Amino acid sequence: GERVSLKMAAQTSEIDETVKKLSAHPGFGGYLIVNADGIPIRTSLDHAEAVQYAGLLTLLSTKSRAAIRELDPQNDVTFLRLRSNKHEILIAPGAPPTEVRGSMRLPRLFYVITLDTGPESGPLALS
């Protein structure tokens with residue numbers, strides 16, 4: 001209903017602001033937002049790359065959440081940061097899907113931001 005629409009509008013505004021801020025960082029490579037099923041719903045990547053990142057990083061996020069919950073059922077993953085020789089990937093998994101009126105779920109959005117980790121690009125300041 002209207003409450004869900006307002007929540008989605010607030011999320012969209014927050015996403016726009018986050019992408020705008022991060023895209024100003026030297027070495028910004030792109031972003032990807034997926035729904036609770038791991039399907040890309042918004043991205044700056046090409047389709048094939050978005051689908052590949054979505055599949056692999058949704059699996060990583062799910063496995064990370066399961067490992068943390070196994071260690072402490074009251075805990076949850078709030079952020080993952082991966083740095084390789086070529087890229088840095090930031091993942092904000094969001095909350096688990098929420099039940100709304102039976103079988104409907106609110107989308108669980110998360111961002112994946114890839115950054116060039118070359119010598120001219122320092123680590124991203126998250127604050």
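## Salt bridges, core and strands: worked exercises

Arg83 is partly exposed, with a relative accessible area of 47%. Buried means under 20% relative accessible area, exposed means over 50%, and partly exposed lies in between (1.4 Å probe, protein chains only). The model is predicted: local features need pLDDT of at least 70, side-chain atom pairs count only at pLDDT 80 or more, and totals for chains, interfaces and linings use all residues. Residues are numbered from 1 along each chain as its sequence is written, and side-chain values use heavy atoms, with hydrogens and water left out.

**Exercise 1. Lay out the chain.**

Task: List the order of the elements from the N terminus on.

Solution:
- Step 1. Count the elements. The chain has two helices and seven strands. These are DSSP runs numbered from the N terminus: helices are H or I with at least four residues, strands are E with at least two.
- Step 2. Read the order. It is α-β-β-α-β-β-β-β-β.
- Step 3. Check burial. Of the 127 residues, 33% count as buried.
- Step 4. Check the surface. The chain exposes about 8200 Å², and carbon and sulfur atoms supply 57% of this area. The areas come from the Shrake-Rupley method with a 1.4 Å probe; for residues, only the protein chains shown count as cover.
- Step 5. Check the contacts (heavy atoms within 4.5 Å). Among those with a separation of 6 or more, 52% join residues 24 or more positions apart.

**Exercise 2. Trace the salt bridges.**

Task: Find which parts of the chain are tied together by the pair Asp16 and Arg42, then treat other pairs likewise.

Solution:
- Step 1. Set the criterion. A salt bridge puts a side-chain nitrogen of Lys or Arg within 4 Å of a carboxyl oxygen of Asp or Glu. The whole structure holds five.
- Step 2. Take Asp16 and Arg42. Their side chains meet in a salt bridge at 2.3 Å, N to O. Asp16 lies in helix α1 (residues 2-23) and Arg42 in strand β2 (residues 40-43), so the pair links parts that are 26 residues apart in sequence. Both ends are partly exposed: Asp16 has a relative accessible area of 34%, Arg42 one of 29%.
- Step 3. Take Arg65 and Asp76. Their closest N and O atoms are 2.7 Å apart. Arg65 belongs to helix α2 and Asp76 to the loop between α2 and β3 (80-83), so this bridge ties parts 11 residues apart in sequence. Arg65 is buried at 12% relative accessible area, whereas Asp76 is partly exposed at 23%.
- Step 4. Take Glu88 and Arg83. This salt bridge has its closest N and O atoms 3.3 Å apart. Glu88 is buried, at 3% relative accessibility.
- Step 5. Look for shared partners. Arg65, Arg69 and Asp76 are joined into one network by salt bridges.

**Exercise 3. Find the core.**

Task: Which elements give two or more residues to the largest nonpolar core?

Solution:
- Step 1. Define the set. A nonpolar core consists of buried Ala, Val, Leu, Ile, Met, Phe, Trp, Tyr and Cys residues joined through side-chain atoms within 4.5 Å.
- Step 2. List the members. The largest core has 11 residues: Leu32, Val34, Leu45, Ala50, Tyr53, Ala54, Leu57, Val77, Leu80, Ile89 and Ile91.
- Step 3. Assign them. β1 (28-34), α2 (47-71) and β4 (87-92) each give two or more. The largest share, four residues, comes from α2.
- Step 4. Inspect one member. Not counting residues up to four places away in sequence, Leu45 touches Gly29, Gly30, Tyr31, Leu32, Ala50 and Tyr53.

**Exercise 4. Pair β3 with β4.**

Task: How many bridges join β3 to β4, and do the strands run parallel or antiparallel?

Solution:
- Step 1. Apply the rule. Two strands pair if DSSP finds at least two bridges between them.
- Step 2. Count. Four bridges join β3 to β4, and the strands run antiparallel.
- Step 3. Find partners in β4. Leu80 bridges to Ile91, and Arg81 to Leu90.
- Step 4. Find the turn. A hairpin connects β3 to β4 through three residues.
- Step 5. Judge burial. Five of the six residues of β4 are buried, so the strand is largely enclosed by the rest of the structure.
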